[in-house]
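Here are some notes for a colleague who will be working from the coordinates. They take up charged pairs, the nonpolar core and internal cavities in turn.

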Amino acid sequence: MSGQREQWTSGAGFVLATIGAAVGLGNIWRFSYVAGENGGGAFLLVYAICVVLIGAPIVIAELALGRSGGGDAVTAFETPAGPALWRRAGWIGVAGSVAILSYYSVIAGWALKYFVGGATGALWTTAAAGYGAYFTDFISQVGEPLAWQLAMIGIAMFVVAGGVQGGIEAANKILMPLLALFVVGLAAYAATLPGAGAGWSFLFVPDWSVLARKELYIAAMGQAFFSLGVGMAVFVTYASYMSRETRIPRSAAAIVCGDMAFAILAGLAIFPAVFAFGMSPEAGPKLAFITLPQIFLQMPAGNVMGSLFFGLLVAAAITSMVSLLEVPVATLIHRLRLRRWTAVTLVGLTVFVLGVPSALSYGLLEEVRIGDGGILDFVDQTASNYLLPLAGISICLFVGWVWDGRRAAAAADLAQGLPATLWLWLLKVVAPATILLILFDSTGVL
Ligand code: PHE
């Protein structure tokens, strides 16, 4: 491969890094709160359908496009000859990554606060009034949420500045397997809580009546996009450092299965606890932050376990932040010839400034309501439910229609015949049509 371009050290290193991008706060914090708000089992089913029909083909498309593009997100969309408008589509990912990072770093900051609180003991001693109060106390301040957000951005910047092999890959290799082990242990422990069965049935036994709610579909699709991490050209960017030998379909399968498994395991840790402790699954974005510490409080050696868990959650958030950060950074390096550190600093500062309203949205800016939620809820919902699916459509149509089908399938390592045809039709018709249908339905156009 080209001498001057960075590469992953191995196929396994690449797959771990992409799983690191996919698995993050989306699987634990977001999955539990969105599934909780949307009735559990039936949501899980619609979410899984969206992952398979829409998410998986786009993961493959992003990987194929990225490896062939041989550069950053913007360049990848310019490489296959196509109409001028399409050639700009890469910028959606660049702008979108910055938008997502702005509030993602805020939630990641909450996790860091819990990690440090767990390690120093503050998280365990102030729990008398319950974690609802602990969370509200923390989040209603001005300096604290901002400081933790800034700290998380700083750490992610540091990793990205280290480059592909030294920074991104090294961090993922250690952290992802550890986190997996931990979530399995936590789910097993939660199963022993009295009343855990109610949590299991909430997650697995669909209450069909919720299928009548329009919001369920857009929430499930948004969650599929967000959790996989597709739409923002993260996989396009990561695949540009991927070797020819790594097989794309196999990598995509690992990403999709790994991501789903993490979400379900997180659900198995959180929902039994929600019901065992008599909480409501509809608590919204704070759900994981008020239920998880409660589990640890009850658990033997819970303070050690809890600190470790929040430490790993921080790590999972970092690996996702790093992937989002790498999209604009790679573009700035490649297109504007900036040095890596300069690009990282520029993007990091922008992300922080844009994230300030989200960080303050449960405190100083609490009065600002958009729809039924505050600023952070609004940015989170808009990014996942609208921005990512629209960006997803552009990738589907670009790879499905603009790119030559044979070449696209070959670039994706898909054999001619059924696999290639199936994938192309999912991209050309099924995925974009489903996305549009859900979007129109939720906005009331249909
Ligand atoms: N998938 C990541 C998570 O679950 C977040 C993410 C979104 C990453 C969009 C990349 C692109 O936390």
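Which residues are linked with Arg-67 in a network of salt bridges? The points below begin with that question, and they concern a predicted model.

1. The network of salt bridges links Arg-67 with Arg-244, Arg-247 and Asp-413. Within this group, Asp-413 and Arg-67 form a salt bridge whose closest N and O atoms are 3.0 Å apart. Asp-413 lies in the loop between α18 (405-411) and α19 (418-443), whereas Arg-67 belongs to helix α3, so the pair ties together parts that are 346 residues apart in sequence. Both partners count as buried, since the relative accessible area of Asp-413 is 16% and that of Arg-67 is 8%, and the cut-off for burial is under 20%.

2. A second salt bridge joins the side chains of Asp-380 and Arg-30, at 2.9 Å from N to O. This pair also links distant parts of the chain, with Asp-380 in helix α17 (residues 375-402) and Arg-30 in helix α2 (residues 25-37), 350 residues apart. Asp-380 is buried, with a relative accessible area of 0%, and Arg-30, at 1% relative accessibility, counts as buried as well.

3. Arg-335 and Glu-78 form another salt bridge, in which the closest N and O atoms are 2.9 Å apart. Because Arg-335 lies in helix α15 (residues 302-336) and Glu-78 in helix α4 (residues 73-78), the pair ties together parts that are 257 residues apart in sequence. Arg-335 counts as partly exposed, at 33% relative accessibility. The count of salt bridges in the model comes to eight.

4. Turning to the nonpolar interior, the largest core has 162 residues, and those with the most contacts inside it are Tyr-47, Leu-292, Val-399 and Trp-423. Helix α3 (residues 41-69) gives the most to this core, contributing 16 residues. If neighbours within four places in sequence are left aside, Trp-423 is in contact with Pro-57, Ile-60, Ala-61, Val-399, Ala-408, Ala-409, Ala-412 and Leu-414.

5. How many cavities of 30 Å³ or more does the model contain? The count comes to two, and the largest of them holds about 170 Å³ of space. This largest cavity is lined by 17 residues, of which Ala-21, Phe-226, Gly-229, Ser-320 and Leu-324 are the closest to its centre. Helices α1 (11-22), α5 (90-120), α11 (214-228) and α15 each supply at least two residues of that lining. By class, the lining of the largest cavity comprises 11 nonpolar and six polar residues, with no charged ones.

6. The second largest cavity holds about 40 Å³ of space. The residues lining this second cavity are Phe-77, Ala-89, Gly-90, Ile-92, Gly-93, Gly-231, Ala-233, Ala-391, Ser-394 and Ile-395. The elements that give two or more residues to this lining are α5 and α17. Six of the lining residues are nonpolar and four polar, and no charged residue is present.

7. Some elements recur across these points and may be worth viewing together. Helix α17 holds Asp-380 of the pair with Arg-30 and also gives two or more residues to the lining of the second largest cavity. Helix α15 holds Arg-335 of the pair with Glu-78 and supplies at least two residues to the lining of the largest cavity.

Technical notes:
Residues numbered from 1 in each chain as written. Predicted model: local features only at pLDDT ≥ 70, side-chain atom pairs only at ≥ 80, totals over all residues. Heavy atoms only, no water. Core = buried A, V, L, I, M, F, W, Y, C linked by side-chain atoms within 4.5 Å. Buried < 20%, exposed > 50% of the residue type's maximum accessible area, 1.4 Å probe, protein only. Helix = DSSP H or I, 4+ residues; strand = E, 2+ residues; numbered from the N terminus. Contact = heavy atoms within 4.5 Å. Salt bridge = Lys/Arg side-chain N within 4 Å of Asp/Glu carboxyl O. 1 Å grid on protein atoms, 1.4 Å probe; cavity = no way out; pocket = protein on both sides within 12 Å on 5 of 7 lines; lining within 4 Å. Points joined across faces, edges and corners; volume = space filled by probe spheres on them. Nonpolar A, V, L, I, M, F, W, Y, C, P; charged D, E, K, R; others polar.
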